[in-house]
Amino acid sequence: MNPMKWPPGRRTLAYSFLAVILLLVVGAILKPGILSGSSLRAIGELAAFVGFVGVGQTMVFLLGGIDFSVVWVLNASAILVVAQAAGKDAGLPLALALTLALGAVVGLANGVGVAYFGISPIVMTIGTNGIIEGLALGQSKGLTCGSCGSAPAPGLTAAMQGRVGGVPGVVLVWIGIILLISLLLSGTTYGRRVYATGVNPVASYLAGVGVRPVTVSVYVISGLFAAVAGIMLVTFGGGASLGLGDPYLLESIAAAVIGGVSVLGGRGHYIGTVAGALALVILVTILNAEQIPEYARDIIYGGVIIVIVLLYGREKRTA
């Protein structure tokens, strides 16, 4: 079958996984150890963090939106789960519940602002990001509160850093999320409503789709998974830090775009974001091997986003 005759979404998805393979080949040439078991496990772990945040960006992209609040939802979640548990497994269930609730509440606020008050997703999520930043810094006293410097609860660290059959726990969680989100988007009425709303919200509304509730729900999902990313990250960083979520805004957007999720809404899939996350992490591994400075990554991410969006726009006009 000629790939050029495939639907645009399937073709872009194929290109994304081809990029992963090509980057692995290039990496194997420049850094022979990249295909070792330990290196591949590390790539999987790092890609998982991008993938957790990428769930939300994928969902809001499918509606033509974006979520800038993931940075401080992630940061605040990391602070809350550490401070509430105070390094003890006994306090972990409540800490996890409060942290996930925080992500859901922020997502709910974003969704209501966008869906019911007509606020631009950019403006709404930047605004909530600022509010959460202020609240987190105020409540934690700039991360100097008594329990803010605690280590993550031992049980959480053991679960995420442990291995089952050689596969890290955090990667197993990500695999479960991949299956869950793939089923949600491809095998449920809810998924069809998300795509329909992204393609044409007016027509979807006239067809009986609850456009506003769907919009609210995708922002709640985004907030939840930003909180999940914060919970996971503290187990690898040894604790919370104020800049923990900073890299993941641009990386999650880049992963979704590389994976073929349309910034205009209505096209793409989380599987593409998975490929995008893997491609980004492999690229960073190669850049590190070549001793490329860290600031160059942001330049590359930004350039990749612009180029792919331009190519996507061209494909739309010539299709």
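**Loops, helix contacts and a disulfide in a predicted model**

Leu143 is found in the loop between H5 and H6. The model described here is predicted. The phi of Leu143 is near 65 degrees, a positive value in a residue other than glycine. Most residues other than glycine have a negative phi. Ala86 also departs from that pattern, with a positive phi near 55 degrees in a residue other than glycine. Ala86 lies in the loop between H3 and helix H4, which spans 92-117. Its relative accessibility is 35%, so Ala86 counts as partly exposed. A positive phi is also found at Gly260, just after H11, with a value of about 90 degrees.

The structure holds one disulfide. A disulfide is a covalent bond between the sulfur atoms of two cysteines. Here the bond joins Cys145 to Cys148, with an S to S distance of 1.7 Å. The torsion about the S-S bond of Cys145 and Cys148 is about 85 degrees, so the disulfide is right-handed. Cys145 and Cys148 are both buried.

Ala153 has its place in the loop between helix H5 (121-139) and H6. The relative accessible area of Ala153 is 3%. Buried means under 20%, so Ala153 is buried. Leaving aside residues up to four places away in sequence, Ala153 touches Ala85, Gly87, Lys88, Asp89 and Leu92. Ala153 and Gly238 are 85 residues apart along the chain, yet their C-alpha atoms are separated by 9.9 Å.

Three pairs of helices were examined for packing. Two packed helices are described by the angle between their axes and the distance between the axes. In the first pair, helix H6 (residues 154-161) meets helix H10 (residues 211-237). Their axes come within 9 Å and cross at roughly 90 degrees. That angle makes H6 roughly perpendicular to H10. From H6, the contact uses Leu156, Thr157, Met160 and Gln161; from H10, it uses Ile231, Met232, Thr235 and Phe236. By class, the contact of H6 with H10 has five nonpolar and three polar residues, and no charged ones.H10 also packs against helix H8 (residues 189-199). The angle between H8 and H10 is about 105 degrees, and their axes are 10 Å apart. H8 and H10 are therefore roughly perpendicular to each other. Tyr190, Arg193, Val194 and Thr197 in H8 meet Val211, Val214, Ser217, Val218 and Ile221 in H10. The residues in this contact of H8 with H10 divide into six nonpolar, two polar and one charged.

Helix H3 (residues 70-85) packs with helix H11 (residues 246-258) at an angle of about 135 degrees. The axes of H3 and H11 are 8 Å apart. H3 and H11 are therefore oblique to each other. The crossing of H3 past H11 is right-handed. Val70, Val71, Leu74 and Asn75 of H3 make the contact with Asp246, Tyr248 and Leu249 of H11. By class, the contact of H3 with H11 has five nonpolar residues, one polar and one charged.

Ser77 also lies in helix H3. The relative accessibility of Ser77 is 0%, so Ser77 counts as buried. Not counting residues up to four places away in sequence, Ser77 touches Thr99, Leu102, Ala227 and Gly230.

Burial is also a feature of H11. Ten of the 13 residues of H11 are buried, so H11 is largely enclosed by the rest of the structure. The buried residues in H11 are Tyr248, Leu249, Glu251, Ser252, Ile253, Ala254, Ala255, Ala256, Val257 and Ile258. Tyr248 and Leu249 also belong to the contact with H3.

Ile299 is found in helix H13 (residues 294-318). The relative accessible area of Ile299 is 56%. Exposed means over 50%, so Ile299 is exposed. Ile299 and Gly210 are 89 residues apart in sequence. In space, Ile299 and Gly210 are 39 Å apart, C-alpha to C-alpha.

Key: Residues numbered from 1 in each chain as written. Predicted model: local features only at pLDDT ≥ 70, side-chain atom pairs only at ≥ 80, totals over all residues. Heavy atoms only, no water. Axes fitted to C-alpha atoms, helices over the stretch in contact; angles between N-to-C directions. Helix = DSSP H or I, 4+ residues; strand = E, 2+ residues; numbered from the N terminus. Parallel < 35°, antiparallel > 145°, perpendicular 65-115°, else oblique. Contact = heavy atoms within 4.5 Å. Nonpolar A, V, L, I, M, F, W, Y, C, P; charged D, E, K, R; others polar. Left-handed = near helix turned anticlockwise from the far one by under 90°. Disulfide = S-S within 2.5 Å. Buried < 20%, exposed > 50% of the residue type's maximum accessible area, 1.4 Å probe, protein only.
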